[in-house]
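Biologist: Before we discuss the fold, please show the sequence and the coordinates. I shall then ask for the reasons behind the terms in use.

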Amino acid sequence: MIVVAGEALIDLVPQGPGALAVLKPTLGGGPYNTAVALGRLGSATAFCSRVSQDAFGEALLAGLRQADVDVLDVQRGPEPTTLAAATLDANGSATYSFYVDGTADRLFSMPCTLPAETEAVSFGTCSLVLEPGASAYEELMRTAAARGVFTALDPNIRAGLIPDADAYRARFRSWLPYVSLLKLSEEDALWLGGSPREWLAAGPSAVVITQGGDGLTAFTRDGTVYPVPGEKVDVVDTIGAGDTVNAALLHGLFARNALSPEGLDGLGRDGWTRLLRYAARAAAVTCSRAGAEPPYASELDAL
């Protein structure tokens with residue numbers, strides 16, 4: 001089982017240009033999108049979060065169940081669901097305004113245990129910023145790593161939620177010894193500072209950097225670099241594209257029995273190229289439709 005830990009929220013997606021465009025509520029949140037994508041691709045997946053008891057929260061859980069994601073251990077609370085209002089630029093890239101004060105997901109508390117069958121845990125986005133939940137997710141990351149569980153991290157920076165950039169950057173570096181696979185966008189890498197070589201030296205076995213329509217590149221501890229081009233597609237918006245990459249990478253590694261440092265080291269050029277191309281295809285499908293709508297396994301070529 002792959003466990004995805006982090007927030008579930010409602011994206012308010014504009015249906016036209018301009019700041020006052022009509023907003024359509026859609027299910028979202030980086031970890032949520034990753035869990036749904038994993039479920040659609042066919043990986044056994046569980047979601048680890050705290051979700052509101054309001055109508056949005058019920059809709060979020062229904063979306064997970066529809067994707068065959070296990071929600072038995074999701075925490076619930078009476079607080080409202082977090083909202084993220086998106087604004088799209090001419091290329092379909094989204095920026096967000098967040099409404100997070102007093103919301104349910106940021107009050108996540110550390111679970112006593114992970115499911116016994118857990119092979120990997122994925123972390124990222126707002127859940128690693130907003131306290132007190134951020135500290136609980138950090139504790140879960142350290143606990144999972146100590147157990148030998150494969151850990152994946154996508155910081156997915158939302159700078160408007162980070163009050164002290166330098167403190168967050170230092171905290172990010174403190175996570176790296178507990179991370180197996182680090183995935184981040186070019187923009188995130190620039191904001192965080194550092195380089196794949198520095199991050200690999202701190203702990204991860206591999207770093208994957210996404211470059212929008214230009215593709216994605218993997219960097220490994222032996223100094224090898226594996227670039228693949230992006231898939232050409234008519235972009236509607238990019239919401240959920242990076243989360244789909246997360247899911248495709250984890251799903252592909254699971255299919256290859258490679259959810260371990262040794263597994264990553266053994267992929268080689270052919271393995272990495274196939275995996276990255278699969279992730280690029282999956283992200284392209286998501287970009288071809290509005291909101292975070294990751295593909296089903298039937299929409300992609302076999303791994």
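Modeller: One definition comes first: contact means heavy atoms within 4.5 Å. The model is predicted. Helix α2, residues 55–66, lies across β2, β3 and β8 (83–88), and its direction makes an angle of about 50 degrees with β3.

Biologist: What is the order of the strands in the open sheet?

Modeller: The four strands follow the order β3-β2-β8-β9, and their pairing is mixed. On average, neighbouring strands of this sheet are turned by 30 degrees against each other, direction ignored.

Biologist: Why are β3 and β9 called edge strands?

Modeller: Strands β3 (23–28) and β9 (94–99) each pair on one side only.

Biologist: How do you know that β2 and β3 pair?

Modeller: Two strands pair if DSSP finds at least two bridges between them. Strand β2, residues 9–14, and β3 have six bridges in the antiparallel sense, so the criterion of at least two is met. Within this pairing, P14 stands opposite L23 in β3.

Biologist: What makes the chain as compact as a globular protein of that length?

Modeller: The radius of gyration is 18 Å, and the globule rule gives 19 Å for 303 residues. The two values are close, so the chain counts as compact in that sense. Its secondary structure comes to nine helices and 15 strands.

Biologist: What percentage of the residues counts as buried?

Modeller: Buried means under 20% relative accessible area, and 56% of the 303 residues count as buried. The chain exposes about 12,700 Å², of which carbon and sulfur atoms supply 52%.

Methods: Residues numbered from 1 in each chain as written. Predicted model: local features only at pLDDT ≥ 70, side-chain atom pairs only at ≥ 80, totals over all residues. Heavy atoms only, no water. Axes fitted to C-alpha atoms, helices over the stretch in contact; angles between N-to-C directions. Rg over C-alpha atoms; globule rule 2.2 N^0.38 Å. Buried < 20%, exposed > 50% of the residue type's maximum accessible area, 1.4 Å probe, protein only. Areas by Shrake-Rupley, 256 points an atom, 1.4 Å probe, with all protein chains shown as cover.
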